[in-house]
Amino acid sequence: MSDIEIRDDRAAGRLEAVAGGEVVGHVEYFVLESPSRALVPVHTIVEPEHEGKGIAGSLARELYAIAEREGTPVAPLCPYVVRWAERHPEVAPKADPELLRAAKEWLVAHPGRF
């Protein structure tokens, strides 16, 4: 995994794993602003030829690291990130149910976004 760079394209709502100048995986997310600020991952995708290399886990770990650095919670809606967080409670605090509800409502209100 040392040849993988992870970069945050906040404007596009994508946390990207890059290898050899090519995006090999990403997490699509949005920033919830109300009732409070939270990072909300919606989809995790790894290109088939790069599966099984720990890329999705690295993306999830970096998402939580970004959230910690920013003092912002994560409200995961992405099934992969939810499972990853359950396996890594030491770095992925349990999501606030109110934030999860608000994130789901935001997603319903923005049907074309994801």
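In this predicted model, the buried residues of helix α3 include Leu99, Ala102 and Ala103. Viewed along the helix axis, the buried residues of α3 lie within an arc of 105°, so they line one face of the helix. This fits a general property of such helices: with 3.6 residues a turn, residues three or four places apart point the same way. Among the elements that cover the buried residues of α3 are β3 and β4. Pro97, Lys104 and Val108, on the other side of α3, are exposed.

The length of α3 can be checked against its residue count. Helix α3 has 13 residues (97-109), and at 1.5 Å a residue the expected span is 18 Å; the end C-alpha atoms are 18 Å apart, which agrees. At the start of this helix, a side-chain oxygen of aspartate 96 comes within 2.6 Å of the backbone nitrogen of glutamate 98.

The largest nonpolar core holds 23 residues, of which Leu15, Leu39, Ile55 and Tyr64 touch the most other members. The elements that each give two or more residues to this core are tabulated below.

| Element | Residues |
|---|---|
| β2 | 14-19 |
| β3 | 22-32 |
| β4 | 38-46 |
| α1 | 55-70 |
| α2 | 79-87 |

Helix α1 supplies the largest share of this core, eight residues. Another core, of 10 residues, lies apart from the largest one and includes Phe30, Val40, Ala75 and Leu77.

Methods: Residues are numbered from 1 along each chain as its sequence is written. This is a predicted model: local features need pLDDT of at least 70, side-chain atom pairs count only at pLDDT 80 or more; totals for chains, interfaces and linings use all residues. Side-chain values use heavy atoms; hydrogens and water are left out. A nonpolar core is a set of buried Ala, Val, Leu, Ile, Met, Phe, Trp, Tyr and Cys residues joined through side-chain atoms within 4.5 Å. Buried means under 20% relative accessible area, exposed over 50%, partly exposed in between (1.4 Å probe, protein chains only). Helices (H or I, at least four residues) and strands (E, at least two) are DSSP runs, numbered from the N terminus. The expected span of a helix is 1.5 Å times one less than its number of residues. The arc is that of the directions from the helix axis to the C-beta atoms. Contact means heavy atoms within 4.5 Å. A polar contact is a pair of N or O atoms within 3.5 Å; within protein, one must be able to donate a hydrogen and the other to accept it, and residues adjacent in sequence count only if both atoms are side-chain atoms.
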